[in-house]
Protein chains: 2
Amino acid sequence: MCQLLGMNCNVPTDIAFSFRGFRQRAGVTDQHSDGFGIGFFEEAGCRLFLDYQAASESPIARIIDHYPIKSINVIAHIRKATQGVVSLANCHPFQREMWGQYWLFAHNGDLKSLPPELGKGHFYQPVGSTDSEQAFCYLLEKLRSKHEKMPSSEVLFAELKEITSTLAEFGVFNFILSNGKFMFAHCSTNLSYIVRKAPFTTAHLLDEDVTFDFSTVTTPTDRVAVIATLPLTDNETWTKFEPDQLIMFIDGEPVLEQNCPHSRPSKATTNTCSS
Amino acid sequence: MCQLLGMNCNVPTDIAFSFRGFRQRAGVTDQHSDGFGIGFFEEAGCRLFLDYQAASESPIARIIDHYPIKSINVIAHIRKATQGVVSLANCHPFQREMWGQYWLFAHNGDLKSLPPELGKGHFYQPVGSTDSEQAFCYLLEKLRSKHEKMPSSEVLFAELKEITSTLAEFGVFNFILSNGKFMFAHCSTNLSYIVRKAPFTTAHLLDEDVTFDFSTVTTPTDRVAVIATLPLTDNETWTKFEPDQLIMFIDGEPVLEQNCPHSRPSKATTNTCSS
């Protein structure tokens with residue numbers, strides 16, 4: 001398995017504090033040492049840092065400490081290989097272009113026997129050998145073949161929910177997906193989030209004895225959602241996703257939520273589950 | 001305009017020496033300071049470092065000095081903006097996936113009034129606002145719509161020559177393109193290359209007073225082709241591309257060459273020019 005970290009904000013924000021704790025889990029406080037990646041959206045652009053070394057030791061990860069990049073949407077991933085060898089091609093997040101936008105995707109889980117239709121002749125094909133990249137390509141393929149241009153966020157959310165529900169039938173499918181504006185997060189088993197907003201206080205990392213006072217770097221209107229496989233701080237209240245819950249974050253807050261269980265009655269909060 | 005740097009080898013090689021000289025041209029010895037990028041293929045994987053800061057000053061560029069990444073194929077670019085604002089989305093190289101492989105593309109030149117067919121509804125759409133990314137998407141679109149899977153290198157070369165010839169009608173089109181195995185380089189105006197092989201000697205940079213003895217880090221069978229807009233060293237003999245020349249490099253040497261002028265008699269060396 002792996003661990004996920006996402007950040008969605010209403011102002012460009014530096015993820016250094018959260019990433020500092022997160023990367024300790026890649027060999028120091030946990031064993032997710034088979035590569036890592038972190039991708040930053042900056043307006044339409046996107047930059048993605050990948051390494052097959054552990055995030056706790058990689059010089060590529062250390063640069064994030066020295067060169068704090070401010071971004072509205074960030075996705076990071078530390079890998080513990082289940083399917084696919086340890087290699088750069090298998091590091092998350094994966095990146096593709098769809099509808100003239102970059103998309104980043106990172107997955108925590110294990111999907112077995114994905115549909116055979118994920119192969120040659122389609123728009124999107126995996127480069128590496130992970131179930132995760134295969135699922136990402138499937139997801140984009142489904143969306144892209146249905147829409148020639150970006151639909152509304154509501155339509156996108158509803159269709160993503162449907163595709164997610166299909167893929168979740170193949171195993172554990174916790175993921176974070178973003179196009180630089182929206183951030184979608186889906187939980188099969190483990191995912192939590194916190195929204196930090198005024199009045200900002202101090203936070204203390206779980207994985208390293210580091211405290212940070214957010215009130216020193218924020219304005220009263222700032223809002224930052226942080227999503228992680230397991231909470232990153234021990235003095236704040238994180239909200240645990242429900243199983244099969246998909247949430248869309250915009251401008252630092254959850255705006256659409258959906259439970260889409262495929263083997264029990266729907267608990268939809270904003271829409272009906274079509275699977 | 002911009003400047004290009006490419007490296008194609010038969011063994012994973014560190015580009016630090018060439019990149020050290022090259023990045024001086026981003027503000028020190030020349031004025032290509034509107035962002036930079038460098039992409040490394042490592043087996044099927046690819047990592048791309050981009051920054052809208054000048055390569056001579058960027059902390060992202062400095063990491064290449066401290067963390068020498070060995071690669072068979074590398075493409076780097078320093079930008080002097082002609083079309084498109086200074087932003088991350090407009091930094092080269094651009095990356096896309098085609099046929100389950102990553103492709104990197106960097107361009108030096110200026111293309112005016114590209115065909116309108118480069119728009120919505122196609123596989124590949126530009127994210128930024130450069131003529132370069134538009135040309136890259138056009139090029140991939142043409143190849144991808146003709147072949148569901150990767151054709152032979154000879155077929156690919158012939159088709160690339162045809163597409164390149166079409167695009168070169170719109171202006172200056174020097175470019176380097178790679179899928180991690182092959183490296184294609186096309187010259188409209190300025191592009192040179194050198195093949196370093198045994199017996200290896202010392203090289204002295206043009207842009208900084210630095211000498212390096214390649215015999216200390218190589219074996220007799222190593223072979224490295226370096227391609228650059230302008231030669232990087234002053235004590236070696238670089239081969240200047242002819243105008244309209246397309247060359248495919250594999251394992252550190254040119255293996256297919258083609259002149260494809262569209263306004264004068266063909267000087268084809270391995271194939272006929274179909275445009």
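**Exercise 1.** Which side chains meet in a salt bridge with an N to O distance of 3.1 Å?

*Solution.* Start from the rule: a side-chain nitrogen of Lys or Arg must lie within 4 Å of a carboxyl oxygen of Asp or Glu. Arg47(B) and Asp51(A) fit, with 3.1 Å from N to O. Then take the whole interface of chain B and chain A, where the rule finds four salt bridges.

The model is predicted: local features need pLDDT of at least 70, side-chain atom pairs count only at pLDDT 80 or more, and totals for chains, interfaces and linings use all residues. Residues are numbered from 1 along each chain as its sequence is written, chains are lettered from A in the order in which they are written, and side-chain values use heavy atoms, without hydrogens and water.

**Exercise 2.** How many residues of chain B are in contact with chain A?

*Solution.* Contact means heavy atoms within 4.5 Å. By this test, 36 residues of chain B touch 36 residues of chain A. Next, compare the two sides: 100% of the interface residues of chain B are also interface residues in chain A, so the copies meet through the same surface.

**Exercise 3.** What turn lays chain B on chain A?

*Solution.* Superpose the copies by least squares on the C-alpha atoms of residues with pLDDT of at least 70 in both. A turn of 180 degrees, with a shift of 0.0 Å along the axis, gives an RMSD of 0.0 Å. That is the relation of a two-fold axis.
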